[in-house]
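Q: I have a model open on my screen and would like to learn how to read it. Can we go through it feature by feature?

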Amino acid sequence: MSVHVFKLSHVSSCLSCHRLQESLLSSASGYRNYRGVLNWCVVMLVLSNARLFLENLLKYGILVDPIQVVSLFIKDPYNMPAACLVIVSNVFIVAALYTERRLSVGCFSERVGLLVHSINLSVTLCFPVTIVLMLKSITPVGGASALGVYTVLFLKLYSYKDVNKWCREMSHAKARSLARSLSCKSSVSTVSYPGNVTLRDLYYFVFAPTLCYELNFPRSPRIRMSFLLRRLFEMVSSWMIPIIQSSMKPLEVNIIPLSSLSHQVPNHLLWLIFFYWFFHSSLNFIAELLQFGDREFYRDWWNSETITYFWQNWNIPVHKWCLRHFYKPLLKSGVSKWLGQSAVFLASAFFHEYLVSVPLKMLRPWAFMGMMAQLPLAWFVARFLRGNYGNAAVWLSLIIGQPIAVLMYVHDYYVLHYREGSAGAP
């Protein structure tokens, strides 16, 4: 009987070779593995740029000057104010540790500790601004790098303050350790408060690729040398200097010339290269070196169908910090979700302007306005666009919006430092 059934099923399978199914490239198929297409894009990009590289090498020679790269950061090798500014940041780290130690033993009350932390965090943001604006020897790139370090330090120390405060509150509630939100097996023994208030623990957090403090971070079992070397190679090979002298001339005529639209695609490609260099290569390199286990520095923002999804997934360290230390506390205080999201965008707009206008030493609202413009754009895309149309809208905002803001700063900086200088020349 079983042999007869097998023969019938075999004959039936031979008679029918079709079933109800969609083509792989149709969205209804549910197919998502496009790794081969990505590899094809990489191969085509390498081949096209290799041809362009050879043509430019034969026509112009080697244009990348190591001295030019160094001059972006320092003017005088014996006078490096940006590097000195970064070294001085250790003062604020030690001040935060001292405050937490006083709080842990009861020498400071919570009110006094909050006051000291507030002063320390405020000076962390204001001190580098004063130095960058006062010293003419700081280059825009050096100033931006120093301010970036201080911004990251500000966010880290704020998280350090909050988590230790939560630990004290739990200790008062008879809880002797901070329960971590993510369980992870680790060979390192767990640390309980106030055993974490040490110089080694704080400096590990300062260098770790995260903005959110924990007493016991997830740790990888070992350092993989092959992985480390691959990330290092990617970091070194991704360096490139954009040539913008040719784009300066048309900026003298119009504020936003139509010819500048041709710079949007190269600008966008540079942004993509920076994203891969920083969020994948650099942060993974640091994480591997420190055996930091949580490597989720980004999610699939390229599939974003809304502006909100993009901002929640392209920069996970910042998103986690905003959610944990800013957005949720606002909701607990009774603020509505819409107002809380607006406050997050406002804070993000402030830091964008902080990191651009101060190093350039010119107050321009382009970064601030660009960030705040994301609010109505996010509402429009979420309300009227869906699926692929929403994803296309996100890509358009990245390809068109960011280059326009960059060109506005380039134009203003050129007019302020070059055209006015040439106009006064004999």
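Q: What does the accessible surface of the protein come to, and what share belongs to carbon and sulfur atoms?

A: This is a predicted model, and its accessible surface comes to about 26,700 Å². Carbon and sulfur atoms hold 69% of that surface.

Q: And how much of the protein is buried?

A: Of the 426 residues, 32% are buried. To count as buried, a residue needs a relative accessible area under 20%.

Q: How many helices and strands are there?

A: You'll find 17 helices and 0 strands. For the contacts, take those with a separation of 6 or more: 74% of them join residues 24 or more positions apart.

Q: Which residues have the most contacts inside the largest nonpolar core?

A: That core has 60 residues, and the ones with the most contacts inside it are Y160, L202, Y213, W301, F310, W311 and W314. Helix α7, residues 140-172, gives the largest share of the core, 10 residues. To follow one of the well-connected residues, click on L202: leaving out residues up to four places away in sequence, L202 touches I93, L97 and Y160.

Q: L202 is in α8, right? Which residues of that helix are buried?

A: Yes, and in α8 the buried ones are D201, L202, Y204, F205 and V206. The cover over them includes α5 (90-104), α7 and α11.

Q: How do I describe two helices that pack together?

A: Two numbers do the job: the angle between the axes and the distance between the axes. Here, try α4 (residues 81-88) against α7: the angle is about 10° and the axes are 9 Å apart. Angles under 35 degrees count as roughly parallel, so α4 and α7 are roughly parallel to each other.

Q: Which residues meet where α4 packs on α7?

A: From α4 you have A82, L85, V86 and V88, and they meet G142, A146, V149 and Y150 in α7. As a general reading tip, an α-helix has 3.6 residues a turn, so residues three or four places apart point the same way.

Q: Now the backbone. Where is there a cis peptide bond?

A: Look at the bond joining Y193 and P194, where omega is about 5°. P194 sits in the loop between α7 and α8 (199-207).

Q: Which residue has a positive phi of about 55° although it is not a glycine?

A: That's Q291, in the loop between α11 (264-290) and α12 (307-313). With a relative accessible area of 22%, Q291 is partly exposed. K361 also has a positive phi, about 60°, and is not a glycine either. You'll find K361 in the loop between α14 and α15 (366-372), and its relative accessible area of 30% makes it partly exposed.

Q: Last one: where does UniProt place the "active site" feature?

A: The UniProt record, an unreviewed entry, puts it at H352. Treat that label as an annotation that may be inferred rather than shown by experiment. In the model, H352 lies in helix α14, residues 337-360.

Q: Why does H352 count as partly exposed, and what is H352 in contact with?

A: H352 counts as partly exposed because its relative accessibility is 33%. Setting aside neighbours within four places in sequence, H352 is in contact with A367 and M371.

Notes:
Residues are numbered from 1 along each chain as its sequence is written. This is a predicted model: local features need pLDDT of at least 70, side-chain atom pairs count only at pLDDT 80 or more; totals for chains, interfaces and linings use all residues. Side-chain values use heavy atoms; hydrogens and water are left out. Helices (H or I, at least four residues) and strands (E, at least two) are DSSP runs, numbered from the N terminus. Buried means under 20% relative accessible area, exposed over 50%, partly exposed in between (1.4 Å probe, protein chains only). Contact means heavy atoms within 4.5 Å. Accessible areas come from the Shrake-Rupley method with a 1.4 Å probe; for residues, only the protein chains shown count as cover. A nonpolar core is a set of buried Ala, Val, Leu, Ile, Met, Phe, Trp, Tyr and Cys residues joined through side-chain atoms within 4.5 Å. Axes are lines fitted to C-alpha atoms, for helices over the stretch in contact, and angles run from 0 to 180 degrees between N-to-C directions. Angles under 35 degrees count as roughly parallel, over 145 as roughly antiparallel, 65 to 115 as roughly perpendicular and the rest as oblique.
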